[in-house]
Every structure is written in structure tokens, then in C-alpha cells.
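Reader: Could you take me through one part of this model at close range, and then show me how the rest of the chain looks around it? I would enjoy one connected account.

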Amino acid sequence: MTNNKQAYLQNLMTQDGIISALAIDQRGALKKMIQRHKSQPATDIEIETFKTIVSEELTPFASSILLDPEYGLKASKHRADTAGLLLAYEKTGYDATVPGRLPDILDLWSVKRLKEQHADACKFLLYYDVDEDVQINARKKAFVERLGAECEAESLPFFLELVSYDAQDNDTSTKAYALKKPHKVNEMMKEFSQPQYRVDVLKVEVPVNMNYVEGYATGDVAYTKEEAMTHFKAQSDATHLPYIFLSAGVSSELFVETLKFAKEAESNFNGVLCGRATWANGVEIFVKEGEDEARKWMQTVGKANIQALNDILKVTANPIS
């Protein structure tokens, strides 16, 4: 990593070198969350306002925040002075009419333009199935190489978010997928840790579905505790890059337990970039009771959620050297 990149990366970490970042770059997903509690479609103003509330109320307790340039620029200007800024570069969602969940960047943006909005890093989300058609994955590899080169040219850190899936089965909540997940997550980490991609930090899923881990499962078990720990350790061994965990929409309580489990498994993760586990339950309050009540929720429950993560990170995460 260049000295310039290192300086930007420092803005995203705590003084102890841990990334304790808040994520609210959701666009389509946030629209759906808002619409769930009202009869009319979510408006742009509602989305911008909710992001601003989250930024204003919760960034005093986060090392940085991830936002999108479509709805999040106002929120970026209302973050705490101590919080760094990551900006998302991908279009939300993917075209489901063609195979491959192919990636695409925002039409009116470039890494240079993200940097001009005072971003400390560029984040890109890539859906990837290591077992998919070779030609589809070749396109994705070339795409990431271009992104890495663009970030390198601007000396801006490149955060690559990897989300696994199965091209043959869209349901990732099943036991069948849980059994495949360690292979898919860990192999794609190996791939995109290679130097040609110029990735600086990986944002990744945990390598198991904790709802199927012995001792955490309420139904079927896909892995014993020992097997799950082996998958976490294999994930850690799969990369030399710093990596942070995404929350994948699980509850704050389960995410905290997951981080404890990762530590016990000798996972060398470097922090989190956590979204819905922190603020998701505040959406209903915002829609039904208004901005003031949403702020009160963030100041109490939301703050408690993020502080619980900060507390557990102090004893589980490894500093970025």
C-alpha cells in the first residue's frame, strides 16, 4: 500500500488500528424496508433523511461510515469530524434477466469524483460464485482489475466487498447452501487477494451460516462447533490482506456472538463494516413515528447496538499493521 493510501486508511480506523465502520449504502434494500411500513413508495427525501439521521447520531461512535453518492452525500456532510468516509461505487442490485449477477459502476461517478467528495476509500460490491461459468467469472476478474487500477491511479484505498451465492440456487438460507458456503467464501477470498486486483481491504461474509452451527442452531445443524471453527481459521489463512466482516442483516445480538466465535476460532479479522444489525429496527420508528422519534431510537437503541460492537471488537479484532 502506498503512503497516500495508508494515510487515507488511517482515517477509517480507530486509534487502535481497528475498523469499526457503520454501513448505510443501501439503496434498493432501504427503499423496500421503508415501503414495508407505508402504503406509498419510499421517496428520495425519506431515504436521504434516514441516512442523515443515522450518520448524525451514530458516527460519533464509529471509526467511519459507508455511504452511497446517490442518496448519501448529504449524510456524509453530517457525520462526526472523527469519522472517515467510504463511498460505494457500484450500482445497486444486479440485472436478474441475464445470468451471472454481473457488476456495474454508477454511470456518473468515477474514483476521481468519489475522491472529490472527500471519500477516504472506494468500496465496490461484487457478487461471486467460484463455481459459476468460467467466462462469467473471467469477466468479473477483469472488471475488478480495472477498478483496482483506477483506485491505484487516485491513490485511494480499494475496499472490495465479496458476497457469495450459488448460480444454481438463489436460496442462500438453506442447510444445503450452508454446507457449500465455506468453500465459496474462502475460495473467492483467495482469488481476490492476488496482487493483480490491487485490493487493499476485503469486506466479507463469515464463512458459515451461524444459524446452522451447533450450539447456535434452533433447527438443523450443518456444522459442529469444531467444523465451524475450522472454516473460520481457513478463511483467515486464505488471505494476507486486511479483512473485515459484514453483518449480512443478522441481529445485533447474533453478530456480536459471531465475532466472539471468530476470535475463539483464531480468525485474524480486522474489524467490521456493519449496517442493518445496527440501525435496521429504527426504520419502522422513522416511518410510523417521524424523524424526532427515529433520532431518539438512534440515540438509545442504535447507540447501544454500535457500542456493543465496539466493546467486542476491542477483544476480538486485530489491528491493521
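Author: Happily. Let us begin with Tyr165, which sits in the loop between strand 5 (158–164) and helix 7 (175–192). Please keep in mind that this is a predicted model.

Is Tyr165 buried or exposed? Its relative accessible area is 3%, and because buried means under 20%, Tyr165 counts as buried.

And which residues does Tyr165 touch, once its neighbours within four places in sequence are set aside? Before Tyr165 in the numbering, the contacts are Gly100, Arg101, Tyr127, Tyr128, Asp129, Glu132 and Lys140. After Tyr165 come Thr172, Tyr177 and Lys184. One further distance helps to place this residue: the C-alpha atom of Tyr165 is 9.5 Å from that of Asp131, and their positions lie 34 residues apart along the chain, counted as a separation.

From this tyrosine we can turn to aromatic rings elsewhere. The whole structure holds 11 aromatic pairs. In one of them, the ring centres of Phe192 and Tyr197 are 4.8 Å apart and the planes meet at 50 degrees, so this pair is tilted. Phe192 and Tyr197 are both buried.

Another pair joins Phe245 and Phe269, with 4.9 Å between ring centres and 40 degrees between planes, so it is tilted as well. Where do these two residues lie? Phe245 belongs to strand 7 (residues 243–246), while Phe269 is in the loop between helix 9 (252–264) and strand 8 (271–274). The pair therefore ties together parts that are 24 residues apart in sequence. Phe245 and Phe269 are both buried. They also belong to a cluster linked by ring pairs, together with Tyr216, Phe232, Tyr243 and Phe261.

Now for the chain as a whole. It has 12 helices and 8 strands, and 55% of its 321 residues count as buried. Among contacts with a separation of 6 or more, 73% are between residues 24 or more positions apart.

How does the radius of gyration of the chain fit a compact globule? For 321 residues such a globule would have a value near 20 Å, and the chain has 19 Å, so the two agree. The C-alpha trace spans about 50 × 45 × 45 Å along its principal axes.

At the surface, the chain exposes about 14,100 Å², of which carbon and sulfur atoms supply 47%. As for charge, the mean positions of the 37 positive and 47 negative charges are 2 Å apart.

Note on methods. Residues are numbered from 1 along each chain as its sequence is written. This is a predicted model: local features need pLDDT of at least 70, side-chain atom pairs count only at pLDDT 80 or more; totals for chains, interfaces and linings use all residues. Side-chain values use heavy atoms; hydrogens and water are left out. Helices (H or I, at least four residues) and strands (E, at least two) are DSSP runs, numbered from the N terminus. The radius of gyration is taken over C-alpha atoms; the globule rule is 2.2 Å times the number of residues to the power 0.38. Buried means under 20% relative accessible area, exposed over 50%, partly exposed in between (1.4 Å probe, protein chains only). Contact means heavy atoms within 4.5 Å. Accessible areas come from the Shrake-Rupley method with a 1.4 Å probe; for residues, only the protein chains shown count as cover. Lys and Arg count as positive and Asp and Glu as negative; His and the chain ends are not counted. The place of a charge is taken as NZ of Lys, CZ of Arg, CG of Asp or CD of Glu. Rings of Phe, Tyr and Trp (its six-membered ring) pair if their centres lie within 6.5 Å; planes under 30 degrees apart count as stacked, over 60 as edge-to-face and the rest as tilted.
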